[in-house]
Amino acid sequence: MRFLNIGMENFRNISSASIETDAEDIVLVGTNGQGKTNFLEALYILCYGSSFKTSYLKEAVGHGGESFRLEARFLNDFDEIQNIRFLFDKGRRYIEIDGKEIKDRKELIYQFPCIVFCHEDMDFIKGEPETRRKFFDQTMSLYSPLFFDDLRTYRNILAKRNAAIKNGQTDIISIYDMKLAEKGLSLMKERKEAVDDFNKIFPVLYSKVSNGKNDLHISYQSSWMDVSSVSDVVRLLEERRDVDMRMMTTTSGIHRDRFVVRDSNGIFSQTGSTGQLRLCSLIFRIAEAESFYRMTGKKPILLIDDVLLELDDEKRALFLDNLSLYSQAFFTFLPRENYFASDHRKPMCYNVSNGGFFLV
């Protein structure tokens, strides 16, 4: 699958644009603030129906407007050309593929598998536990519709249980305990398996790109690690109910799980250098792409936003050498940045200035 053409209207600083993208590698070159990242954001919205930059799509509307429009021609997995259209107007979003409205954004994820590399990825290593949970949940959701649906259901049950706690509805909390236990244990099992698989990919990639030996790995610490049955979880939730009532929230469950990056010296965020942490966050994304390929046999779209700037020439070359499992990749670079080795297949390259895109 790959995009053939992208159209934008009143999106961020891009008043109007139609950009050809019929290539495996597309490079956007320009100084900061010209529209490179906005282009990647537009692609991400077409793939997910949401933004990686903001939770409020109104912020992406061009100055003085109330709406923006994105559209694209793309080649699907069967080599058929299709069209997607995304309209955000007065707080509402409308998505169509070949004129058919898409009601559930889940349909986009499996049609447009997309992985974005950005500076905020550093939080995978040194940020809050929630960031790593989100990463693994997204990675698993890309290749497992069942996990995606189960996670949605768990979050819905959790929201209802928390509402019952806050409203003092103790008579119905037991009902939610059973449902939370059943769905949570299933998700916990899937997370364990996913981390085991990730640890077969991630450490090897890190060693290749860092050009050194390292026993880097992910340690999965579940909130319910010491329980193995639904009845055990229900009992645990009952035992913690007084704590939950005082805290006004559910204090145990897979929404409290931790994924910790470790090496032989301990927790990597505390022992690694800034350069090692940055490289580690990049390897997370390559491993995500490889995990997706291993599970589905399909290659994702990659959006790579100015994240190679902090790597030296040797590590950048090694990074790009190990970046191979994708159907299409979009890169952003600063001017005069040495982005590809001379033997790399020739990319389609645009200079970006004041929201304009000029083919080189």
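Biologist: Which residues of β13 are buried on one side, and which on the other?

Modeller: Begin with the term. Buried means under 20% relative accessible area, exposed means over 50%, and partly exposed lies in between (1.4 Å probe, protein chains only). In β13, Q328, F330 and T332 are buried on one side, and A329, F331 and F333 on the other. Both faces are therefore covered, and 6 of the 6 residues of β13 (residues 328–333) are buried, so the strand is largely enclosed by the rest of the structure.

Biologist: What are the ground rules here?

Modeller: This is a predicted model: local features need pLDDT of at least 70, side-chain atom pairs count only at pLDDT 80 or more, and totals for chains, interfaces and linings use all residues. Residues are numbered from 1 along each chain as its sequence is written, and side-chain values use heavy atoms, with hydrogens and water left out. Helices (H or I, at least four residues) and strands (E, at least two) are DSSP runs, numbered from the N terminus.

Biologist: Which strands does β13 pair with in the parallel sense?

Modeller: Two strands pair if DSSP finds at least two bridges between them. Strand β3 (residues 25–29) runs parallel to β13 over 5 bridges. L28 faces T332 there. β12 is also parallel to β13, again through 5 bridges. In that pair, L302 is bridged to A329.

Biologist: What is the strand order of the sheet that holds β13?

Modeller: The sheet is open, has 6 strands and mixed pairing, and reads β8-β12-β13-β3-β14-β15. Its edges are β8 (114–117) and β15 (356–359), each paired on one side only. Edge strand β8 runs parallel to β12 (residues 301–305), joined by 4 bridges. F117 stands opposite I304 in that pair.

Biologist: How is the sheet with β1 ordered?

Modeller: That open sheet also has 6 strands: β2-β1-β4-β5-β6-β7, with antiparallel pairing. β2 (14–20) and β7 (100–101) are the edge strands. β6 (residues 92–97) pairs with β7 over 2 bridges, and I97 is opposite K100.

Biologist: Which strands of this sheet does α1 touch?

Modeller: Contact means heavy atoms within 4.5 Å. Axes are lines fitted to C-alpha atoms, for helices over the stretch in contact, and angles run from 0 to 180 degrees between N-to-C directions. α1 touches β1 (2–11), β2, β4 (67–75) and β5 (81–89), and its direction makes about 110° with that of β1.

Biologist: How many residues of α1 are buried?

Modeller: The count is 12 of 13. Among them are F39, L40, L43 and I45. Just after the helix, G49 has a positive phi of about 75°.

Biologist: What length should α1 span?

Modeller: The expected span is 1.5 Å times one less than the number of residues. For residues 36–48 that gives 18 Å; the end C-alpha atoms are 19 Å apart, which agrees.

Biologist: At what angle do α4 and α6 pack?

Modeller: Two packed helices are described by the angle between their axes and the distance between the axes. α4 (residues 129–143) and α6 pack at about 90°, with axes 11 Å apart. That makes them roughly perpendicular (65 to 115 degrees; under 35 is roughly parallel, over 145 roughly antiparallel, the rest oblique). The contact includes F135, F136 and M140 of α4 and A194, V195 and F198 of α6.

Biologist: Is M178 buried or partly exposed?

Modeller: M178 is partly exposed, at 39% relative accessible area. It lies in α6 (residues 170–210). M178 touches V230 and V234, leaving aside residues up to four places away in sequence.
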